[in-house]
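Let's take a walk through a protein together. Have the sequence and the 3D view at hand, and follow along at your own pace.

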Amino acid sequence: MIETEDMGVTRAAYDEVAEQYADFIHRQLLENPFDRGMIDAFAQLVAESGPGPVADIGCGPGRVTAHLAAAGFEVSGIDLSPEMIRLARAEFPELSFEVGPMERLPFADAALAGLVAWYSVIHIPPQRIPEVLTELARVVRPGGHALFGFQATDEPTGITEYDHKVALAYRWAPATFAETLAANGFRAVATLSREARANERTPHGNVLAVRV
């Protein structure tokens with residue numbers, strides 16, 4: 001796979017701020033009931049669908065990976081940034097983490113019961129999102145679940161550029177993201193739109209989907 005320019009920019013940006021970023025998000029999952037609720041809903045649906053491994057795609061320092069492991073899942077994390085993976089391995093040495101792009105995942109076809117892409121598709125240019133979703137769909141078994149998180153927009157276009165603190169990012173309207181999923185192997189079963197919390201600059205959205 002040929003590396004795209006945005007991949008290199010994103011990797012370098014997160015490598016540079018890895019420790020500050022890890023400190024900043026350290027308690028977010030504990031303090032945000034919306035995030036925790038959607039991740040726990042995902043976990044319950046995966047558990048109900050039968051046993052199987054789960055992946056945290058774009059895992060960063062591993063906080064969601066660890067949350068899923070604590071819920072009893074066989075879970076691994078993958079991230080583009082070597083520095084993020086270094087931090088994740090240091091904090092959670094009992095878990096499996098690997099450096100790699102989400103465009104080429106180290107899993108066999110239909111190998112996963114589910115995956116989480118928690119704010120990890122936001123730096124991908126919209127024109128490349130279909131190829132990424134196709135790769136994510138490849139590794140999830142039919143009937144498996146996927147959960148996506150992102151900064152949200154209510155612009156009529158459904159997608160807007162976002163001046164993210166680390167690297168250029170894109171905000172999605174949840175309905176637009178759900179439509180894009182439908183064209184690339186998934187069917188949305190739940191969406192969440194919420195206003196910005198006190199420490200956030202934008203609204204946020206989540207889409208919970210099933211692999212068709």
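**Charged pairs and nonpolar cores**

A good place to begin is Arg 128, which makes a salt bridge with Glu 131, with their closest N and O atoms 3.7 Å apart. Keep in mind as you look that this is a predicted model. The two partners sit in different surroundings: Arg 128 has 8% relative accessibility and so counts as buried, because the limit for buried is under 20%. Glu 131, at 44%, counts as partly exposed. The pair also has company, since Asp 6, Glu 103, Arg 128 and Glu 131 are linked in a network of salt bridges.

How many salt bridges are there by this rule? The count comes to 11. Another one to find joins Arg 194 and Asp 35, whose side chains meet at 3.7 Å, N to O. Arg 194 belongs to strand S8 (residues 186-194) and Asp 35 to helix H3 (residues 33-49), so this salt bridge ties together parts that are 159 residues apart in sequence. Are these two residues buried or exposed? Both Arg 194 and Asp 35 are buried.

Next, turn to Asp 109 and Arg 138, which form a salt bridge with their closest N and O atoms 2.7 Å apart. Asp 109 lies in the loop between strand S3 (96-99) and S4, while Arg 138 lies in helix H6, so the pair ties together parts that are 29 residues apart in sequence. Asp 109 has 57% relative accessibility and therefore counts as exposed. Arg 138, at 26%, counts as partly exposed.

Now let's leave the charged side chains and look at the nonpolar ones. The largest nonpolar core has 31 residues, and those with the most contacts inside it are Ile 57, Leu 115, Leu 136, Phe 148 and Phe 177. Several elements give two or more residues to this core, including strand S1 (54-57), strand S4 (112-118), helix H6 (129-139), strand S5 (140-151) and helix H7 (174-182). Which element provides the largest share of this core? That is H6, with 6 residues.

To see the packing up close, pick out Leu 115. Leaving aside residues up to four places away in sequence, Leu 115 touches Phe 42, Val 54, Ala 55, Ile 57, Leu 136, Val 139, Val 140, His 145, Ala 146 and Leu 147. Apart from the largest core lies another core, of 18 residues, among them Leu 29, Ile 39, Val 46 and Leu 147.

Terms used. Residues are numbered from 1 along each chain as its sequence is written. This is a predicted model: local features need pLDDT of at least 70, side-chain atom pairs count only at pLDDT 80 or more; totals for chains, interfaces and linings use all residues. Side-chain values use heavy atoms; hydrogens and water are left out. A nonpolar core is a set of buried Ala, Val, Leu, Ile, Met, Phe, Trp, Tyr and Cys residues joined through side-chain atoms within 4.5 Å. Buried means under 20% relative accessible area, exposed over 50%, partly exposed in between (1.4 Å probe, protein chains only). Helices (H or I, at least four residues) and strands (E, at least two) are DSSP runs, numbered from the N terminus. Contact means heavy atoms within 4.5 Å. A salt bridge is a side-chain nitrogen of Lys or Arg within 4 Å of a carboxyl oxygen of Asp or Glu.
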